[in-house]
Amino acid sequence: EVWKIGNSEAAPRFEIVAARNDWASNLKKSVNVSELSESKLMQLSFWEAFSSWTKKTDPHFRTQKPGPKNWTNFGMGTTLVHTYVSLNSREQRLSVGLWIPKDRDFQEYLKLNKEEIESVLGFEISFWEAPTASGLNVKKFMADINDESKFDENFNWIYETVIVFRKVFSPHIDKYKKSDL
C-alpha cells in the first residue's frame, strides 16, 4: 500500500500476508518434559528463566531458544569464535567463555596476549583444548546453582560477562584476522 498523511510525501506501507510457519519444525523439536532427568529439567528451567530475564533487561540481547542442556551460545559476528555460557551443577559453577571451533592458532595468539586480556577483562582466564575445538573461559562458583533467589544475580553476571567478552575480544579477533598468523 502507499500511504499519505496530510501534506507528506507518499510512503510505502508493507503488511505481511504470508510468513514461514515453524509449527512442524517446532513440533519435531519439542521436548517431552516427562522424559527428562532432574538435571535436564533444572537446566531447562534455568535457561527459560534467563531468556525471560534478558527480554526484560535488554530486548536487543539475543539468546538461543532455551533447551535442556548445560550450555548456550552467543554470536560474535564471526565464524572464528562464539561466546558460550555453561552451567555445571556438579561443580556448582557458571562459565562464560570463547569457543574456538577450528583455528588453534587463534588460541595461541590469545595466549600471547593473556596478561593484556586479563587486565582489560577484569577476570583470570583459563585456556582449554579438546579434540575438535579449543577456547578459554572464566568461572563463577556458588553455593547452590539451583537457588532461584540467586538467579537474577547469576543472570546479571552472565549478561555483563558476555558483553565484556564481546568488547574485549572483538579487537583481538579483528587484529588476528588482519595478521599473517
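Let's start with S51, which counts as buried because its relative accessibility is 7%. This serine belongs to helix 2. If we set aside the neighbours within four places in sequence, S51 is in contact with T63 and P66. Please keep in mind that what you see on the screen is a predicted model, and that goes for everything I say today.

Now let me step back to the whole chain for a moment. There are 5 helices and 7 strands. Reading from the N terminus, the order is β-β-α-α-β-β-β-α-α-β-β-α. The chain has 181 residues, and 36% of them are buried. For those of you who like contact maps: among contacts with a separation of 6 or more, 55% are between residues 24 or more positions apart. And the accessible surface comes to about 11900 Å², with 52% of that belonging to carbon and sulfur atoms.

Back to helix 2, and to the rings. How many aromatic pairs does the structure hold? The count is 20. Take F50 and W53 as one of them: the ring centres are 6.4 Å apart and the planes meet at 15 degrees, so this pair is stacked, the cut-off for that being under 30 degrees. Both residues sit in helix 2, which covers residues 38–57, and they are 3 residues apart, about one turn of the helix. Are these two buried or exposed? F50 has a relative accessibility of 2%, so F50 is buried. W53 comes in at 12%, so W53 counts as buried too.

The next pair is F61 with F74. Here the ring centres lie 5.3 Å apart and the planes are at 45 degrees, so we call the pair tilted. This pair links distant parts of the chain, with F61 in the loop between helix 2 and strand 3, F74 in strand 3 itself, and 13 residues separating them. F61 is buried, because its relative accessibility is 5%. F74 is buried as well, with a value of 2%.

If you like graphs, here is one for you. Ring pairs join F46, W47, F50, W53, F61, F74, F151, F155 and Y159 into a cluster. So do look for the two pairs I just described: F50, W53, F61 and F74 are among the members of that cluster.

While we are on rings, two lysines deserve a mention. The charged end of K69 sits over the ring of W71, at 4.2 Å from the ring centre. K111 does likewise with F127, where the distance from the charged end to the ring centre is 5.7 Å.

Let's move along to helix 3, residues 104–112. At its N-terminal end, D103 acts as the cap, with a side-chain oxygen 3.1 Å from the backbone nitrogen of D105. Which residues of helix 3 are buried? They are F106, Q107, Y109 and L110. Around the helix axis they cover an arc of only 155 degrees, and therefore they are on the same side of helix 3. The cover over these buried residues includes strand 5 (93–100), helix 4 (114–121), strand 6 (126–129), strand 7 (134–141) and helix 5 (151–178).

Helix 4 is worth viewing end-on. Its buried residues are I117, E118 and L121. The arc they cover around the axis is only 95 degrees, so they too share a side of their helix. Those buried residues pack against helix 3, strand 7 and helix 5. Turn to the face directed away from the buried side, and you find the exposed residues E115, S119 and V120. Just after helix 4 comes G122, with a positive phi of about 85 degrees.

I'll finish with a backbone angle in a residue other than glycine. What is the phi of Q92? The value is near 55 degrees, so to speak on the positive side. As background, most residues other than glycine have a negative phi. Where is Q92 found? The place to look is the loop between strand 4, residues 82–88, and strand 5. And Q92 counts as buried, because its relative accessibility is 19%, while the cut-off for buried is under 20%.

That's my tour. Thanks for listening, and I'm happy to bring any of these residues up on the screen.

Methods
Residues numbered from 1 in each chain as written. Predicted model: local features only at pLDDT ≥ 70, side-chain atom pairs only at ≥ 80, totals over all residues. Heavy atoms only, no water. Phe/Tyr/Trp six-rings, centres within 6.5 Å; stacked < 30°, edge-to-face > 60°. Helix = DSSP H or I, 4+ residues; strand = E, 2+ residues; numbered from the N terminus. Buried < 20%, exposed > 50% of the residue type's maximum accessible area, 1.4 Å probe, protein only. Lys NZ or Arg CZ within 6 Å of the ring centre and 35° of its normal. Contact = heavy atoms within 4.5 Å. Areas by Shrake-Rupley, 256 points an atom, 1.4 Å probe, with all protein chains shown as cover. Arc of directions from axis to C-beta. Polar contact = N/O pair within 3.5 Å; in protein donor to acceptor, adjacent residues only side chain to side chain.
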